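User: I should like a close look at one helix of this model and at how the parts around the chain are arranged. Please give a single connected account.

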Amino acid sequence: MSVAFGRMVRAEWTKLRTVRAWTAGLAAGLLAIFVLAVATAAGSTTSCGVNDTVVACPVPPAGPDGQAVQDTFSFVHRELSGDGSVTVRVASLRGAAPWAKAGLLIKDGTRPGASYAAVMVTAGHGARLQHDFTQDRAGSPGAAPRWLRLTRTGQEVSGAESTDGRRWRTIGTVRPAGLGARARVGMFVASPDDQSVRWADLGGVIAQARPVAATGVFDHLTLQGASPGPAWTSSGIGGVSEAAGVYTVSGGGDIAPLGARGGATLQQLLTGVLLALIAVIVVATVFVSAEYRRGLIAASLLASPRRGLLPAAKAVVAGAVTFAGALAVLTASALVGLPVLRANGNVVLPVSAATQVGVVAGTAAQVALTAVLAVGLGAWLRRAAPAVILAVAAVVLPYVLATTSLLPPPVGQWLLRVTPAAGFAVQQSVPSYAHVPGGGLPQEGDFPLPGWAGLAVLAAYAALALALGSRRIGRGDA
């Protein structure tokens, strides 16, 4: 059967490549990705100024995993050589933002983006243990006062909390990516912008961000372990005062991943994918329906060992061709578009090479799965017009509605979870995190599902459409 199916695939490949209108349609649609990527990059310019002088905009630091991060906060620290622990009581935390935080932090120096671990109490989300910007673990709910303890043993760091300083609860133990033998340890305060999103009266989304400072009061500070050098020193943004062993630390900023609002991303160069998907849908449905329109389906079925395998053979060909073409065009878009963005003064957010490859390959897979979906619908409905309309309504329309402020954000997020448009999630190179305020807006390119989950939703719809098409042809009523 595998040999016979292989012959079917070769026959369908011959059909696709010998019809010039089909190959030209696919080529034009996929080429639109590259053309619009270069046009977008060329038309996007950013400049920064200092004292009426234009300078290069600063590039945000990258964390241990290569992702862009925020790393500005108030830090009172000293050197800890080797193993040790630090204990403190956060007597109070004054700050309006729910993610305002105060606690203990150990960091591989004060370089922005350096590896770290921190145990903290927040204004609205209880105690937390976080490390290396993207990792977050919840402790007990509630606000200050709270006792905190951070202990380093080798390359592992554990965070613990207590309400009375006697009975301790370990939140967890983590292994930061790069703590050196001599680390900086101490108290910190951070307060991200207070962000709000609301639906405007006449449609659209209004997002607001308001800087908010926080003030933490610390007492009962003890440090165990080798700690050479001077006593507690401060760095970062904010102010520090000490009286009778009580430290008052104030500041803003945050130590967390930087969202897509902080700069340009590869995702911004992928607007042409919408046009490519429409072209792929049209060609893939006609690839099936043309045989019914021209009366050639009977001959194709006679050459097939099993009637129901014909849509599968067409899906293999359509999926493979569109994946290969999209992969080539998307790779070219990234290689050409990103340098043009940087040359125009745009700050391209740093992400790992694996993430960039994942966006390119994942988007190519999205295009290929859309082709498979269209083949299935074409085989099921047998007519190009209704199949094209249904496919566009399922794949393209939900994305347009969700990202153009025509719907409230919760409705848009729902559409991007349960429709084939969930596949667009693979384009997001800068993910959102629950412990970072803001984000989650489809209008800003944030998706409610991770990329792999969005592709899985699209793949499920493609499999369903292909099964319906195979079942109808397999019934023998062609």
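Analyst: The account starts with helix α5, in what is a predicted model. Helix α5 covers residues 310–343, 34 residues in number, and spans 49 Å between its first and last C-alpha atoms, close to the 50 Å expected at 1.5 Å a residue. After α5 comes G345, a residue with a positive phi, near 90°.

The packing of α5 can be described next. Two packed helices are described by the angle between their axes and the distance between the axes. For α5 the partner is helix α2, residues 20–43: the angle is about 10° and the axes are 8 Å apart. Angles under 35 degrees count as roughly parallel, and α2 and α5 are therefore roughly parallel to each other. The crossing of this pair, α2 with α5, is right-handed.

Another helix pair may be set beside this one. Helix α6 (residues 353–381) packs with helix α7 (residues 384–395) at an angle of about 140°, and their axes are 9 Å apart. This angle makes α6 and α7 oblique to each other. Their crossing, that of α6 and α7, is right-handed.

The account now turns to a pocket. The second largest pocket has a volume of about 370 Å³. Its lining draws two or more residues from each of the elements α3 (273–293) and α8 (397–403). In total 19 residues line the second largest pocket, and those nearest its centre are Q267, Q268, Q443, E444 and G445. Sorted by class, the lining of this second largest pocket comprises eight nonpolar, nine polar and two charged residues.

Two points of backbone geometry complete the description. Most residues other than glycine have a negative phi, and most peptide bonds are trans. Against that background, D132 has a positive phi, near 50°, although D132 is a residue other than glycine. D132 is located in the loop that runs between β7 (127–131) and β8. The other point concerns the peptide bond between A144 and P145, which is cis, with omega of about 5°. P145 belongs to the loop between β8 (135–138) and β9 (146–153).

To return to the helix with which the account began, α5 has 34 residues, G345 follows α5 with a positive phi, and α2 packs with α5 at about 10° in a right-handed crossing.

Terms used. Residues numbered from 1 in each chain as written. Predicted model: local features only at pLDDT ≥ 70, side-chain atom pairs only at ≥ 80, totals over all residues. Heavy atoms only, no water. Helix = DSSP H or I, 4+ residues; strand = E, 2+ residues; numbered from the N terminus. Expected span 1.5 Å × (residues − 1). 1 Å grid on protein atoms, 1.4 Å probe; cavity = no way out; pocket = protein on both sides within 12 Å on 5 of 7 lines; lining within 4 Å. Points joined across faces, edges and corners; volume = space filled by probe spheres on them. Nonpolar A, V, L, I, M, F, W, Y, C, P; charged D, E, K, R; others polar. Axes fitted to C-alpha atoms, helices over the stretch in contact; angles between N-to-C directions. Parallel < 35°, antiparallel > 145°, perpendicular 65-115°, else oblique. Left-handed = near helix turned anticlockwise from the far one by under 90°.
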